[in-house]
Structures are given as structure tokens and as C-alpha cells.
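Visitor: I am new to this structure and would love a friendly tour. Could you show it to me before I start asking?

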Amino acid sequence: MSRRPAHVTSGPYAPPVPRTTRTVTSADGARLYTEIHGPESAPAVVLAHGWTCSTAFWAPVVRELATDHKVVVYDQRGHGRSPAAGPAGHSTHALADDLVAVLEATLATGERAVLGGHSMGGMTIMAAAERPQLRERAAAALLCSTGSADLPAESRVFPLRSPQGRRRAHRLMLRSRAPLGPVSPLTRRALKYATMGPAATAEQIEACARIVHGCPTAVRARWGTVLDGLELTGGAARLELPTAVLAGTADRLTPPVQARRLASVLPDFRGLTELPGLGHMTPIEDPGAVSGRLRALVQDHLRSAGTTGAATAEVPHGTRQKKEKTV
């Protein structure tokens, strides 16, 4: 019996066909599968996915944006169609290398983009905060369902009363090499509990389950080990570009306390969107909210379609917006 594809193949959560694909080579030689969607001359959006996911995770957001945006998505090393790196190739430094390599390979001379990062993808943007290539290429960023530090202590997948017990349980989860097994009713329920809100649909759960279960066990464990020791609050504090934050209020993996910490340290904070009742998988649970926030950043910080996307100055640097709730 053939193995099912690591993503759904029909419906709104199926990956759209890209305009073109390419292989981007990172600083250490890692090869990154990359897709480009939408018109070449349109404002650019570059999206980085999270732990155990792939380009397929962004499918509904790509569908909404690619009508009038150039959308670049890539598989983080070891995920999707990007080959796994050796043991030394797993670090936030490597993630930053990969992001700037994708920006340099897919954007034209002088072209800038709005960046969107979900979970480990948001951490990728924070890790690259001080890279000159990021400052030259990024006009603004959205940090979506992500955090900067203390994940084992603050996650709520295992809601144990003891902080020490909670930390230990989450560390074991992050570092685990236990196979997830085939997608089944039991594993769907477990995935929904850990990563999604109570109102997630069967179609959304299936889309997420196919992607997460498609991640190789060793890759999951190696990147989980990086997340276990994550410390990027300093990187967030040095992210000198307009940055918005989005989070689900029922997120157990990166709870809202993580989003609020980011809001408190970002030097050019542009608002916190809290999505009531949603979990960690916000680009699938509410792609309209995520694509809408990205569109707003494009509108505010990139010129109209057909230009190189130079940043505007409509909002003074350092302006801090009030938290908002998107219903």
C-alpha cells in the first residue's frame, strides 16, 4: 500500500501550483526547496513555516495572497522537500542563514518584502534580526503563533501544576524520537488537542495531521532540541523593522504570554492581534486573519504593485499600537 502524500490534495488546504520553483543554497550548502506564487511584479511576501511543517502549511494563505502578491514559501531544512542537514546544521543561526539565502535568491535587485513567520518561522525572523541582508530586504514582519524563550516552562500541552514537572514533560515532548504513526482518529484527536482550538474543523485537522506526520522523526527531534533551548528575546529586541504579532488565545504550544512578551520588547511594534479560541495553527485555523494582517503590512510598508517595494514612512519609527482582538 502506497504512503499517503504529506499534505491534502484537494480543497482549500491543498497546496496551489506555484508559478515557479527553485532550489536555494544556504551558507553551509544546505539546499532549500522554494516556491514562488503570484505575479512577479506584485508586492512580495516571504513566508517561513514552523516546526514539523512545510510549504503546504501556508496553502490557504498563499491562495488568498497570490492573486495580487508575489508570495515566496520555502521548506525549512529537513522539512518537506528540503533535505535534512547533518547534526551540526540544526541551530537558530542556520535558520537565519536559510532565510537570508531565500531573500537574496528570490527577490530582485532593490526589491523588498513583508516577512511572515509561523512558530519556528517567526523564530527564524528573530534569529536573523541583525543580518544586514534582512535589514536591506525586509520592509516589515508578522510574527505568528510564536515565542522567543522558555517554551518548556510556558507551554500548556501538559497542564501540570508543578513548574518543574511541566518543564520536564514538555522537554521530553520536544526532544522525542517516538514515531507519530499513521494518521488515525486517535492521532487526529491528539494533534487537535496539542495544536488547534476547539472549533477546528475535520478538514483543518486532516490538513495539519498530514503535514505534521510527514515530518521525519529525526528532523522533528533535532529541531525540537533547538526549541527546547531557545533564547531569542534579545533577537526580538533587535528586530529593527515594523513588526506585528498574531496569536490564538487557546494556543498550548506558544501561549499568549509569549506573544505579549514579544509585544513588550519589539522596538517597532505594530500591534498584537489575538484570535479568540484559536490554537497554534492559525494560518490554517483562520487564514483570512493571517493574510489580512500581511496585506495590511504590505499596504503600510511597501509601495503599490509594480515597484521595488521600498518602505514607506506613514507610521513613525517606534510607534507602539494598542493590542487588538480580531474576532
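Visitor: How many helices and strands are in the chain?
Guide: Please keep in mind that this is a predicted model. Counting along the chain gives 13 helices and 9 strands.

Visitor: What radius of gyration does the chain have, and what would a compact globule have?
Guide: The C-alpha atoms fill a box of roughly 50 × 45 × 40 Å along the principal axes. For 327 residues, a compact globule would come out near 20 Å. The chain agrees with that, with a radius of gyration of 18 Å.

Visitor: What percentage of the contacts between residues at least 6 apart in sequence join residues at least 24 apart?
Guide: Start with burial: of the 327 residues, 57% count as buried. Then take the contacts between residues at least 6 apart in sequence; the share joining residues at least 24 apart is 79%.

Visitor: Which helix gives the most to the largest nonpolar core?
Guide: In soluble globular proteins, nonpolar side chains tend to be buried together. Here the largest nonpolar core has 48 residues, and those with the most contacts inside it include Val46, Leu99, Met123 and Leu266. The top contributor to this core, with 6 residues, is helix α2 (residues 92-106).

Visitor: How many residues are in the other core that lies apart from it?
Guide: Val62, Ala139, Cys144 and Leu297 are among the members of this other core. Its residues number 24.

Visitor: Which residues does Leu99 touch, leaving out those up to four places away in sequence?
Guide: Leu99 is one of the residues with the most contacts inside the largest core. With residues up to four places away in sequence left out, Leu99 touches Val46, Tyr74, Leu115, Thr124, Ile125, Ala128 and Leu134.

Visitor: Is α2 roughly parallel or roughly perpendicular to α3?
Guide: The axes of α2 and helix α3 (residues 120-127) come within 8 Å and cross at roughly 85 degrees. Angles of 65 to 115 degrees count as roughly perpendicular. Therefore α2 is, relative to α3, roughly perpendicular.

Visitor: How many residues of the contact of α2 with α3 are charged?
Guide: Thr92, Leu95, Ala96 and Leu99 in α2 meet Met120, Thr124, Ile125 and Ala127 in α3. By class there are 6 nonpolar and 2 polar residues, and the number of charged ones is none.

Visitor: And how many charged residues has the contact of α6 with α9?
Guide: The axes of helix α6 (residues 163-175) and helix α9 (residues 217-228) come within 7 Å and cross at roughly 145 degrees. Arg171, Leu174 and Arg175 of α6 take part, with residues of α9 including Arg220 and Asp228. The contact has 3 nonpolar residues and 2 polar ones, and its charged residues number 4.

Definitions and conventions
Residues are numbered from 1 along each chain as its sequence is written. This is a predicted model: local features need pLDDT of at least 70, side-chain atom pairs count only at pLDDT 80 or more; totals for chains, interfaces and linings use all residues. Side-chain values use heavy atoms; hydrogens and water are left out. A nonpolar core is a set of buried Ala, Val, Leu, Ile, Met, Phe, Trp, Tyr and Cys residues joined through side-chain atoms within 4.5 Å. Buried means under 20% relative accessible area, exposed over 50%, partly exposed in between (1.4 Å probe, protein chains only). Helices (H or I, at least four residues) and strands (E, at least two) are DSSP runs, numbered from the N terminus. Contact means heavy atoms within 4.5 Å. Axes are lines fitted to C-alpha atoms, for helices over the stretch in contact, and angles run from 0 to 180 degrees between N-to-C directions. Angles under 35 degrees count as roughly parallel, over 145 as roughly antiparallel, 65 to 115 as roughly perpendicular and the rest as oblique. Ala, Val, Leu, Ile, Met, Phe, Trp, Tyr, Cys and Pro count as nonpolar, Asp, Glu, Lys and Arg as charged, and the others, Gly among them, as polar. The radius of gyration is taken over C-alpha atoms; the globule rule is 2.2 Å times the number of residues to the power 0.38.
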